[in-house]
Amino acid sequence: MEIVIIGGGITGLSTALALNKVGIPSTVYEQAENLNEIGAGVWLQPNAIQVLQWLGIYRDILKEGCLLNKMEITYPNLKPIKRIKNQVVADRYGNQTIAIHRWKLQQLLYNKCDHLGIVKLGMPYTKHETNNGKIEIHFKHTTIQADLLMGADGIKSNVRKSMGLPSDFHTSGQICCRGIANIELPTYLRNEGKEVWGNKVRFGFSQLSSDSVYFFAVVNKEIAPKDITKKSLSTLFKDFDLIVKDIIEASGDMHVAELMDLKRLSTWHDSNTCLIGDAAHATTPNMGQGACQGIEDAYYISNILKNTNTSLAAFKAFENQRRKKVDYVVNNSWTFGKMAHSTLGQLALRGIMKLTPEKVMSKQMNKLYTVEGL
Ligand SMILES: Cc1cc2nc3c(=O)[nH]c(=O)nc-3n(C[C@H](O)[C@H](O)[C@H](O)COP(=O)(O)OP(=O)(O)OC[C@H]3O[C@@H](n4cnc5c(N)ncnc54)[C@H](O)[C@@H]3O)c2cc1C
């Protein structure tokens, strides 16, 4: 069985490694000629970490990233809205969140795939069609055949378009600026992820490596500066703890984009093609779960394909398995982002956070972090 994966991002590369682990050969085709050092950081939460442990690459990731033993939402002066006990996540799931440069994670996954000879760069996919049970996959310069196709080509997926599925986006009205600052946080902040809430603005940060800090700044469109520069960002966050100003001042290139998600698709698959990761279910990043969900997809699709006779049955089972959790993430992330950026909504969220009993929080955590069979 020849499986082709379009897209060498976090989802596509993780899926190729997961398929390899269960003994199913596949090849990833990525449009980029080289994987360049672009992007900012990503927080990998315990659900993704469990899959990366299963793939045997946890130690490499830990070496390249920074272990965060506390994730906290705070007031502008860094006082937590709700105190979270250290170790509670690690005690339950055996691991905590890791902050890593997105490019380093992609590079690490790529190197593992390259070592196995299962990834090809410089292969821009254009479209596909099915002829006599085989899929003809067209790239800019060539055409190949395969039995199964997986679209891991991100939120703007061309595989999705070629399947005749819609590409409708849900824009949030919130502008996000992400970057890396060359700075070391004070010792007490070095192993913590913070999201600091102000009025219609949020600032998140964590150490990424010994000399770099990942940060994101989110602001409502109506109050966003026309030109997002270090100066305009500093003004926007002038009432926040001084560390925020220091991070902005030490930042390099910044990436600015409006936050959005993909409107829920009626299906992710047909008889021999299936969408995974952002191509199927791109979410706003307010729960820090987009890449984590793509990594979970890799685990489930590989195990389901191993244990199912036909691709159609496997893709159906995959969707059945994944829909509920992915919908939970996409919908909650959307609501959470909207509430955090409205005065009344934030007040309500703060109240909910303070009043939610540990037992309920624990249930929510289980929902998010449990990966069946791991
Ligand atoms: C501001 C922000 C912060 C985030 N923070 C987090 C976080 O803390 N934790 C988390 O888990 N997630 C986070 N995410 C989400 C995460 O970045 C995405 O969910 C994740 O990168 C999706 O991975 P993917 O591989 O599915 O898609 P992508 O990363 O989009 O990768 C798609 C790949 O396909 C390739 N491709 C595209 N078209 C073609 C084509 N025609 N032919 C061949 N190849 C093609 C692309 O070049 C790319 O390499 C964040 C997102 C944003 C916007």
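A polar contact is taken here as a pair of N or O atoms within 3.5 Å, and in this predicted model the surroundings of the ligand can be described in these terms. A backbone N or O atom of Gly288 lies 3.1 Å from a nitrogen atom of the ligand, and a polar backbone atom of Tyr125 is placed 3.0 Å from a nitrogen atom of the ligand. An oxygen atom of the ligand, in turn, is found 2.9 Å from a backbone N or O atom of Trp43. On its own the ligand has 1,000 Å² of accessible area, of which the protein covers 84%. Two or more residues of the surrounding shell are given by each of helix 1 (10-21), strand 3, helix 5 (102-116), strand 12 (169-181) and helix 10 (290-307), and the most, 3 residues, come from helix 10. The shell comprises 31 residues, those that come nearest to the ligand being Thr11, Glu30, Trp43, Arg102 and Asp278.

Strand 3 also takes part in an open sheet of 3 strands, in which the order is 3-6-4 and the pairing is antiparallel. Because strand 3 (41-44) and strand 4 (66-68) each have a single partner strand, both stand at the edges of the sheet, and one side of each is left without a neighbour there. From one strand to the next, the twist averages 25°. The antiparallel pairing of strand 4 with strand 6 (residues 97-101) rests on 3 bridges, and within this pair Cys66 has Ala99 of strand 6 as its bridge partner.

Helix 2 (residues 46-54) lies across strand 3 and strand 6 of this sheet, and runs at about 85° to strand 3. With 8 of its 9 residues buried, helix 2 is largely enclosed by the rest of the structure; the buried residues are Pro46, Asn47, Ala48, Ile49, Gln50, Val51, Leu52 and Trp54. Just after helix 2, Gly56 takes a positive phi of about 80°.

Positive phi values also occur at residues of another kind. Most residues other than glycine have a negative phi. Asn132, although not a glycine, has a positive phi of about 50°, and its position is in the loop between strand 8 (125-131) and strand 9 (134-139). The relative accessibility of Asn132 is 83%, so the residue counts as exposed, the cut-off for this class being over 50%. Lys200 is likewise not a glycine and has a positive phi of about 65°, in the loop that joins strand 13 (192-197) to strand 14 (201-209). At 28% relative accessibility, however, Lys200 counts as partly exposed, because this value falls in between the limits of under 20% for buried and over 50% for exposed residues.

Strand 12, one of the elements that give two or more residues to the shell around the ligand, pairs with two further strands. With strand 16 (residues 251-262) strand 12 is joined by 9 bridges in an antiparallel arrangement, and with strand 15 (residues 212-220) it pairs, also in the antiparallel sense, over 8 bridges. Ala181 takes part in both pairings, for its bridge partner in strand 16 is Ser251, while in strand 15 it stands opposite Val213.

Two residues of helix 11 (residues 311-340) complete the description. Trp334 is placed in this helix and has a relative accessible area of 17%, so it is buried, given that the cut-off for burial is under 20%. Residues up to four places away in sequence being left aside, Trp334 touches His170, Thr171, Ser172, Asp261 and Thr284. Thr171 is 163 residues from Trp334 along the chain, yet the C-alpha atoms of the two are separated by 10.0 Å. Ser311 is likewise found in helix 11 and is buried, with a relative accessible area of 19%. The side chain of Ser311 reaches the backbone oxygen of Ser271 at 2.7 Å, and the contacts of Ser311, again without residues up to four places away in sequence, are with Leu148, Ser271 and Asn272.

Terms used:
Residues are numbered from 1 along each chain as its sequence is written. This is a predicted model: local features need pLDDT of at least 70, side-chain atom pairs count only at pLDDT 80 or more; totals for chains, interfaces and linings use all residues. Side-chain values use heavy atoms; hydrogens and water are left out. Two strands pair if DSSP finds at least two bridges between them. Helices (H or I, at least four residues) and strands (E, at least two) are DSSP runs, numbered from the N terminus. Axes are lines fitted to C-alpha atoms, for helices over the stretch in contact, and angles run from 0 to 180 degrees between N-to-C directions. Contact means heavy atoms within 4.5 Å. Buried means under 20% relative accessible area, exposed over 50%, partly exposed in between (1.4 Å probe, protein chains only). A residue is near a molecule or strand if one of its heavy atoms lies within 4 Å of it. A polar contact is a pair of N or O atoms within 3.5 Å; within protein, one must be able to donate a hydrogen and the other to accept it, and residues adjacent in sequence count only if both atoms are side-chain atoms. Accessible areas come from the Shrake-Rupley method with a 1.4 Å probe; for residues, only the protein chains shown count as cover.
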